[in-house]
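Let's walk through this one together, starting with the vocabulary and then moving from the overall fold down to individual side chains.

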Amino acid sequence: MTRHEDKEAAVRRILDTPHPPVPADLAVRAAAGGARRARRERLARRLLWGLLVVAVLAFTVWASAARPWEAPPAETTPPLEGW
C-alpha cells in the first residue's frame, strides 16, 4: 500500500467507529457564546471610536490654543539702526 492509501484507510477506520455523543443544548450554548462575543466586540469598537473622537477633540483644542503653525515671538527686539 502507498502512503496515501494508508492515510485513507486510517480515516475510514476512524469514521467507521461510533461518533461521540453531542450535548443536546450545544447549539444553544454556541449561539449564546457567539452573541456574547458579538456584544463585547461591539462595545470595544464603540469605546475605541469614542477614544478616537476624544483624542481628535483634545488635539483640536490644543492646536487652537497653542497655534503651533505660527512662529514664536522674538525674545529680543532687533537692533535699531539709522538713528
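A quick bit of terminology before the tour: a helix here is a DSSP run of H or I with at least four residues, and helices are numbered from the N terminus. Keep in mind, too, that what you're looking at is a predicted model.

With that in hand, start with the aromatics. Phe-59 and Trp-62 both sit in helix α2, which runs over residues 26-66. They are three residues apart, about one turn of the helix. Why does that spacing matter for direction? An α-helix has 3.6 residues a turn, so residues three or four places apart point the same way. The structure holds one aromatic pair. In that pair, the ring centres of Phe-59 and Trp-62 are 5.7 Å apart with the planes at 40°, so the pair counts as tilted. The labels depend on the angle: planes under 30 degrees apart would be stacked, and over 60 would be edge-to-face. As for cover, Phe-59 is exposed, at 52% relative accessible area, while Trp-62 counts as partly exposed at 47%.

Now zoom out to the whole chain. How many helices and strands are there in the chain? There are two helices and zero strands. The radius of gyration is 35 Å, well over the 12 Å that the globule rule gives for 83 residues, so the chain is more spread out than a compact globule. The extents of the C-alpha trace can be read next to that: along the principal axes it spans about 110 × 40 × 10 Å. Burial can be put in numbers as well, with buried residues making up 1% of the 83 residues. In terms of surface, the chain exposes about 8,400 Å², and carbon and sulfur atoms supply 66% of that.

Next, take helix α1, which covers residues 3-16. From its first C-alpha to its last, this 14-residue helix reaches 20 Å, close to the 20 Å expected at 1.5 Å a residue. Is α1 buried or in the open? Of its 14 residues the number buried is zero, so α1 lies largely in the open. One of the salt bridges belongs to this helix: Glu-8 pairs with Arg-12, the closest N and O atoms being 3.1 Å apart. The two residues are four apart in helix α1, about one helical turn. Glu-8 is partly exposed at 35% relative accessible area, and Arg-12 is exposed at 52%.

That brings us to charge pairing in general. Side chains of opposite charge can pair when their charged atoms come close. A search of the whole structure finds four salt bridges, and besides the one in α1 here are some others. Asp-25 and Arg-29 meet through their side chains at 3.7 Å, N to O. Asp-25 is partly exposed, with 37% relative accessible area, and Arg-29 is also partly exposed, at 48%. Further along, the side chains of Arg-67 and Glu-70 meet in a salt bridge at 3.4 Å, N to O. Arg-67 counts as partly exposed at 43% relative accessibility, and Glu-70 is partly exposed with a value of 43%.

Back to helix α2 for a few more stops. Arg-42 lies in this helix and counts as partly exposed at 38% relative accessibility. Its C-alpha is separated by 16 Å from that of Ala-31, the two being 11 residues apart along the chain. For another C-alpha pair, go back to Phe-59: this residue and Leu-47 are 12 residues apart in sequence and 18 Å apart in space.

Which residues form a nonpolar patch on the surface? Trp-49, Leu-52 and Val-56 do, with about 320 Å² of accessible area together. Val-56 lies in helix α2 and counts as partly exposed at 46% relative accessibility. Membership of such a patch calls for over 30% relative accessible area and no salt bridge, with nonpolar side chains joined within 5 Å.

To pull the threads together: this predicted model has two helices and zero strands, a chain that is more spread out than a compact globule, and one aromatic pair alongside four salt bridges.

How values were computed: Residues are numbered from 1 along each chain as its sequence is written. This is a predicted model: local features need pLDDT of at least 70, side-chain atom pairs count only at pLDDT 80 or more; totals for chains, interfaces and linings use all residues. Side-chain values use heavy atoms; hydrogens and water are left out. Rings of Phe, Tyr and Trp (its six-membered ring) pair if their centres lie within 6.5 Å; planes under 30 degrees apart count as stacked, over 60 as edge-to-face and the rest as tilted. Buried means under 20% relative accessible area, exposed over 50%, partly exposed in between (1.4 Å probe, protein chains only). The expected span of a helix is 1.5 Å times one less than its number of residues. Patches are made of residues with over 30% relative accessible area and no salt bridge: like charges are joined within 9 Å, nonpolar side chains (Val, Leu, Ile, Met, Phe, Trp, Tyr) within 5 Å. Accessible areas come from the Shrake-Rupley method with a 1.4 Å probe; for residues, only the protein chains shown count as cover. The radius of gyration is taken over C-alpha atoms; the globule rule is 2.2 Å times the number of residues to the power 0.38.
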